[in-house]
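Work through the two exercises below. Try each task before you read its solution.

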Amino acid sequence: MYDQIDQKDLSFVGHDVPRIDAIEKLTGEAAYVSDMILPGMLHAAVKRSPHARARIVRIDTSKAMALPGVRSIVIGDELDYRIGLYVVDKYILAREEVRHYGEAVAAVAADTLIIAKEAVRLIEVEYEPLPAVLAPLDAINIDDPAKPGKAPLVHPKLGEYDHVRNAFTPQPGTNVANYTKFRKGDIDKGFAEADWIVERQYTNPSVQHVPMETHVAIVQWQAGDRITIWTSAQSPYAVRNLFCHSFKIPHKNVRVIIPYIGGGFGGKAGIGIEPLVACLSRKAGGRPVKLQATREEEFSLLPCRSALTYRIKTGVRKDGKIVAQKMTMYWDSGAYADYAVNVTRASGYSCTGPYEIPNAWVDAYTIYTNKPYGTAYRGFGHVEFSWGLERQMDLAARTIGMDPLEFRRLNTLKPGSVTLTGERITEHTGNVTKCIEEAARGIHYGKLTKEEAARQKKTGWKIGKSVAGLQKAPAMPPFTGTAIFLKMNEDGTATANVSLTDMGQGTYTSLAQMLAERLRMPVENIKIAFECDTDRDPYDWQTVASKGLLIAGNAAILAADDLLANAYDMAGQILRALPCDLDHDGKGVFVRHNHEKKISFAEMAAGYAYPDGNGIGGPLVGVGRYIAQGLTNLDKATGQGNPALDWTYGAHGLVAEINEETGEYNILKVCSVFDVGKAINPAEVRGQAVGGMIQGLGTACCEGYIYDAEGRLLNPSFTDNKIFTAMDLPEVIESAVVETAQLDGPFGARGVGEHSMIGVCAALGNAILQVTGAELTHMPIRFEDVWRALQTKQSPDAWIVKSPVKHL
């Protein structure tokens, strides 16, 4: 879809355009599900488990049901439905056994939220606590995770669950929800060629998405199994499809409406609380029921980012070339598979990062434990493994005495390189080397500026600098598609309908710019309808994985072209001209060699009427359909195939100052650079780059779930689970783009939204390593962890130290 045109000729694409939803959001006029109140609406609350694992002995709802104002109560024994995105492993409410702290065991719908909460308090639940499985490495047979181990099974019936068979491989009789492997080259030969081997274990905790609007849904289950769902979710068609699969209801019976969304970051992908709310509505006689999670429930009832333990063994030659790398990833899925199995798959095929490694071996496991379950999170697994991978790159460079920047330059993917899955990189794939170089230039890598030198002398804190590279591809089925409906309004403006959701990333503004460019009319004349409705709007797979701009952007161009083709056909009849002799501007169609002969879009919008009343053409509309091209399923034995719609490359340069006596540090500057193909809206690209980078620093510095020995979550709120605020920001933030046109991208663009989190965590760890020698391997990087590492110059949880390979 990339047009070989002079980029200087673009009037709207490539320019800063204000967000088309800015006024509604700034004035409070934008309507969210949180704001909605329907006639006769009931309010819901849930009873949650205080145990990580326990048998449900008895649930007594009699006192709660007797409370005036209570309209319906449901418990797990009533709801024999399973839900799940890729592995259908979760009951709507816990049945027989609870599998994580905070899991819902009962729910109430009442006239008011106060009554519902009081009814929940009155529900009596008797539990028999059971031994919980809390660590992924304890949950499996570490010698062979595909075989049974000693730990209790979180899902003894795993072999009976429905799952997507061409992509995922659950291991019945174990706690492994999915096993994905990749093989490239000859790993033994590669290590034999290495002069040095660096081996480490890196860990990341679970963290919370923290959307401003918590999970919320309103559902009305009417007669004839006609169901309407209003939900703060990322994907209306995913909600509908998964809902209908669980309840065995025809898709035509279920309508999903998504208005404005107060953030998602992956946590609202797939399906969540909607089935539970639907069951409450059905039992309440069809009255609409609303359930909104509290902030504490976001931390334990609802999904989080999966934790990761990552073992990396890297073989390096003296000249700096990586010759082999063996990687084992243990993803902590928590109690249910949800999106975690796809996170495992996606992180597996990307886990070598933006580097060419000729001999690679990857085993990636999704492991059930008795903790809140994991799902998609901005960066989709890449933030977590890049922490280990980019730390490993610095340690490998340090081992052989090479500058980490030069080490990265030497090993980056370049045209002609082959990825882990066998895809050959071209000159249009992207330029990670340039991103790394620009990030290094942005922080004056390798030296201190005069100001930095003076600061270091004054404070006594050492200043370190580092650069980390990154790559990411959308994680999606190879047949992912979308459609856009475009209609010309009677006044010559245009309205587009799409089911890709805009939860704050600004994609709708970019789509408006592309449509404006193609139609040659001002962006102000383009409306992207914000409310997504499965009864009205065309299909879109899901709003995840940074695929929206590329796929929906191409669909938008095709919709505009289709509308223009229809306009040219109609105008040709009106103006008595061949379509090939026609052209258009923002107002209408004209004869190319006689501009006086013209007809406006407004005159054709509803069909054209001749003076005698005879009509032609019909309403002026366009349809754009686009589906990912050239992708394949991955071979389950080797991981070979083509999973990537596009690769977005980037880099972060970071400057930090560290107090070697206390372990304290401050982040002075971050410079982020991404190869976006084409910056459709530079201001939005900067917003995504800065926002994602800050979110990444939050996970690097302070975020993370903490459990006690019984699996109870100890920090389910902002009191003890801190996120970054304005007080924590780097002193200087810069962002830039590299533009290597994506040939199948709209105007050469590729996505960037999720990618901005990736790598910045490792950049911080590497900056600390650079000036102190402290080898940190666990996130978050707390001051006390830095202090302890400084005492030994090695992280307390480092696994195996570097070791030379002797050649005879």
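**Exercise 1. A helix pair**

In this predicted model, helix H6 (residues 236-247) packs with helix H7 (residues 274-283). Find the angle and the distance between their axes, then classify the arrangement as parallel, antiparallel, perpendicular or oblique.

Solution.

1. Two packed helices are described by the angle between their axes and by the distance between those axes.
2. For H6 and H7, the angle is about 55° and the axes lie 11 Å apart.
3. Roughly parallel needs an angle under 35 degrees, and roughly perpendicular runs from 65 to 115. H6 and H7 are therefore oblique to each other.
4. Next, the handedness: H6 passes H7 in a right-handed crossing.
5. Now the residues. H6 brings Val239, Phe243 and Phe247. They meet Glu274, Pro275, Ala278 and Cys279 of H7.
6. Sort this contact by class: 6 residues are nonpolar, 1 is charged and none is polar.

**Exercise 2. A sheet and its helix**

Give the strand order of the open sheet of 3 strands, and identify the helix that packs on the sheet.

Solution.

1. The order is S25-S26-S27, and the pairing is antiparallel.
2. Look for strands that pair on one side only: these edge strands are S25 (582-584) and S27 (594-600).
3. From one strand to the next, the twist averages 35°.
4. Take S25 and S26 (residues 588-591): they run antiparallel and are joined by 3 bridges. In one bridge, Leu582 has Val591 of S26 as its partner.
5. Helix H15 (residues 548-575) packs on the sheet. H15 touches S25, S26 and S27, and its direction makes about 125° with that of S25.

Key
Residues numbered from 1 in each chain as written. Predicted model: local features only at pLDDT ≥ 70, side-chain atom pairs only at ≥ 80, totals over all residues. Heavy atoms only, no water. Pairing = 2+ DSSP bridges. Helix = DSSP H or I, 4+ residues; strand = E, 2+ residues; numbered from the N terminus. Axes fitted to C-alpha atoms, helices over the stretch in contact; angles between N-to-C directions. Contact = heavy atoms within 4.5 Å. Parallel < 35°, antiparallel > 145°, perpendicular 65-115°, else oblique. Left-handed = near helix turned anticlockwise from the far one by under 90°. Nonpolar A, V, L, I, M, F, W, Y, C, P; charged D, E, K, R; others polar.
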